Amino acid sequence: MRSRYTAFVRGEIDYILATTAPETEMDRSETERWSRNSEWLGLRILETNDGGPDDDEGTVEFIARFRLADKERSHHELASFRRENGRWVFVDGVNPRPTLRRTEPKIGRNDPCPCGSGKKYKKCCGAK
């Protein structure tokens, strides 16, 4: 994973494509545009599963930060890899679902409705 991130930073598109599984579709021109037009700000590995010396498959969850068009962005991905002929290749990546965190206390069914109607929440805005 780190070597592929470094390849994105350096614009080494041939390496990125060489470390991608044959069945995985990657648009060379789009990959090159993203790589070369971005200012890469850092890679943070969140979690790895398998992918050790005795494994043939593994996953890496990571966040890559970059600046594109003067806006700082991040790419959060859960990437799947597999070993082919002794080399690790990227197979697929998905965006993990973000954890939703409540910013306000949960409204109970029998609490007064926050809309100010004077009714219980379950009989007002909480009614289904």
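**Overall shape and local details of the predicted model**

Buried residues make up 23% of the 128 residues in the protein. This figure, like everything that follows, comes from a predicted model. A good way to start is with the overall outline. The C-alpha trace spans about 65 × 40 × 25 Å along its principal axes. The radius of gyration of the protein is 22 Å, whereas a compact globule of 128 residues would have one near 14 Å.

Turning to the fold, the protein contains 3 helices and 4 strands. Followed along the sequence, these elements appear in the pattern α-α-α-β-β-β-β. Of the contacts with a separation of 6 or more, 36% join residues that are 24 or more positions apart.

The surface can be described in a similar way. About 9400 Å² of the protein is exposed, and carbon and sulfur atoms supply 45% of that area. The protein carries 24 positive and 22 negative charges, and the mean positions of these two sets lie 13 Å apart.

Among the strands, β3 and β4 offer a helpful example of pairing. Strand β3 covers residues 71–84 and strand β4 covers residues 87–94, and the two run antiparallel, joined over 7 bridges. Within this pair, S80 stands opposite D92 in β4. The two strands form a hairpin with 2 residues between them. One residue of the turn, N85, has a positive phi of about 50 degrees.

That angle deserves a second look. Most residues other than glycine have a negative phi. N85 is not a glycine, yet its phi is positive. N85 sits in the loop between β3 and β4, and it counts as exposed because its relative accessible area of 82% is over 50%. A69 is also not a glycine, and has a positive phi of about 55 degrees. The place of A69 is the loop between β2 (57–68) and β3. With a relative accessible area of 68%, A69 is exposed as well, since this value is over 50%.

A residue within a strand completes the picture. I45 lies in strand β1, which covers residues 39–50. Its relative accessibility is 26%, so I45 counts as partly exposed, a class that lies between the 20% and 50% limits. Leaving aside residues up to four places away in sequence, I45 touches M1, R2, V60, E61 and F62. R4 is 41 residues from I45 along the chain, and the C-alpha atoms of R4 and I45 are separated by 13 Å.

Technical notes
Residues are numbered from 1 along each chain as its sequence is written. This is a predicted model: local features need pLDDT of at least 70, side-chain atom pairs count only at pLDDT 80 or more; totals for chains, interfaces and linings use all residues. Side-chain values use heavy atoms; hydrogens and water are left out. The radius of gyration is taken over C-alpha atoms; the globule rule is 2.2 Å times the number of residues to the power 0.38. Buried means under 20% relative accessible area, exposed over 50%, partly exposed in between (1.4 Å probe, protein chains only). Contact means heavy atoms within 4.5 Å. Accessible areas come from the Shrake-Rupley method with a 1.4 Å probe; for residues, only the protein chains shown count as cover. Lys and Arg count as positive and Asp and Glu as negative; His and the chain ends are not counted. The place of a charge is taken as NZ of Lys, CZ of Arg, CG of Asp or CD of Glu. Two strands pair if DSSP finds at least two bridges between them.
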